[in-house]
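Please open the structure in your viewer and keep the selection tool at hand, for this tour moves from one selection to the next and says what is there at each stop.

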Amino acid sequence: MRKFLTVLSLSLLLSFYSVLAAEVQFEKGYYYVVIKNANFDRVNEVLKTEIENHKWGVIHTMNVDKTVKSNTPHKTYLLCRADYLTEGLKFNKDVISVLIPCRISIYQDKNNIKILVEDVESASSNFGVEDKRFKAFLKQVTEEMKSILQKTADHFEKRQNNPSM
């Protein structure tokens with residue numbers, strides 16, 4: 001009985017944590033994560049670190065907030081990963097040239113920070129991509145982008161919502 005109660009308590013605790021933890025969501029061709037009650041500059045710092053940790057390079061930063069003269073922080077990063085670009089060019093130069101660079105956007109929405117990435121695998125269907133190997137490659141790129149989102153969110157959620165025992 002004691003073992004059952006321990007397992008039950010642990011599973012309830014994990015269920016509670018998973019409700020609190022930010023999870024990558026999908027909507028209309030893009031993936032996103034919302035980090036609640038966060039500081040934009042700190043989340044942006046961690047995001048850039050995760051981009052580097054995943055071996056992607058920021059080739060350009062678009063300061064959307066400055067362009068539209070907004071006081072609400074908003075940036076879009078254009079990313080590239082040389083080994084992925086090299087592989088993508090072998091499949092289809094035209095399509096990969098349109099899909100690359102990958103974009104990741106971060107902006108503040110009240111007290112929350114939202115980070116978004118395009119689903120390049122889905123986007124490829126607009127170009128009639130049917131090659132299964134190329135689609136698998138694009139899925140790998142999408143999974144990598146989703147991992148950047150999740151790792152960034154995990155950095156904040158674990159620290160803020162980690163129940164003390």
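**Starting with confidence**

Begin by colouring the protein chain by pLDDT: this is a predicted model, and its confidence is lowest in helix H1 (residues 2–20), with a mean of 46, and highest in helix H2 (residues 40–53), where the mean reaches 98. Averaged over the protein chain the pLDDT is 86, and 82% of the residues score at least 70. Now select residues 4–20, where pLDDT stays under 50 and the model has seven contacts beyond four places in sequence. Then select residues 159–165, another stretch with a pLDDT below 50, which has seven contacts in the model beyond near neighbours in sequence. Where pLDDT is low, the predicted coordinates should not be read in detail.

**An aromatic pair**

Next, select Trp56 and Tyr84, which form an edge-to-face aromatic pair with 5.5 Å from centre to centre and 75° between the planes. Which parts of the chain does this pair tie together? Trp56 lies in the loop between H2 and strand E3 (57–62), while Tyr84 belongs to helix H4 (residues 82–91), so the pair joins parts that are 28 residues apart in sequence. Both rings can be checked for exposure: Trp56 is buried, with a relative accessible area of 5%, and Tyr84 also counts as buried, at 7% relative accessibility.

Widen the selection to Trp56, Tyr84, Phe91, Phe134 and Phe137, which ring pairs link into a cluster; the structure as a whole holds seven aromatic pairs. While Tyr84 is on screen, add Arg81, whose charged end sits over the ring of Tyr84 at 4.2 Å from its centre. A second arrangement to look for involves Lys114, which lies over the face of Tyr32, 4.3 Å from the ring centre.

**The nonpolar core**

Return to Trp56 and show its surroundings: not counting residues up to four places away in sequence, Trp56 touches Ile51, Leu79, Cys80, Arg81, Tyr84, Cys102, Val141, Glu144, Met145 and Ile148. Trp56 is also, together with Ile104 and Ile115, among the residues with the most contacts inside the largest nonpolar core, which has 37 residues. To follow this core through the fold, select the elements that give two or more residues to it, including strand E2 (30–35), strand E4 (74–80), strand E5 (102–109), strand E6 (112–118) and helix H7 (132–161). The largest share, nine residues, comes from H7. In soluble globular proteins, nonpolar side chains tend to be buried together.

**Two cysteines**

Now select Cys80 and Cys102, two of the residues that Trp56 touches. How far from Cys80 is the nearest cysteine sulfur? The sulfur of Cys102 is 7.7 Å away, and Cys80 is in no disulfide; because a disulfide requires sulfur atoms within 2.5 Å, this separation does not qualify. Cys102 is likewise in no disulfide, and the count for the structure comes to zero. Are these residues buried or exposed? Cys80 is buried, with a relative accessible area of 17%, and Cys102 counts as buried at 4% relative accessibility.

**A last stop in H7**

Finally, select Lys146, which is found in helix H7, and draw a distance to Phe26: the two C-alpha atoms are separated by 10.0 Å, although these residues are 120 residues apart along the chain. Leaving out residues up to four places away in sequence, Lys146 touches Val24 and Tyr31.

Terms used: Residues numbered from 1 in each chain as written. Predicted model: local features only at pLDDT ≥ 70, side-chain atom pairs only at ≥ 80, totals over all residues. Heavy atoms only, no water. pLDDT = per-residue confidence, 0-100. Helix = DSSP H or I, 4+ residues; strand = E, 2+ residues; numbered from the N terminus. Contact = heavy atoms within 4.5 Å. Phe/Tyr/Trp six-rings, centres within 6.5 Å; stacked < 30°, edge-to-face > 60°. Buried < 20%, exposed > 50% of the residue type's maximum accessible area, 1.4 Å probe, protein only. Lys NZ or Arg CZ within 6 Å of the ring centre and 35° of its normal. Core = buried A, V, L, I, M, F, W, Y, C linked by side-chain atoms within 4.5 Å.
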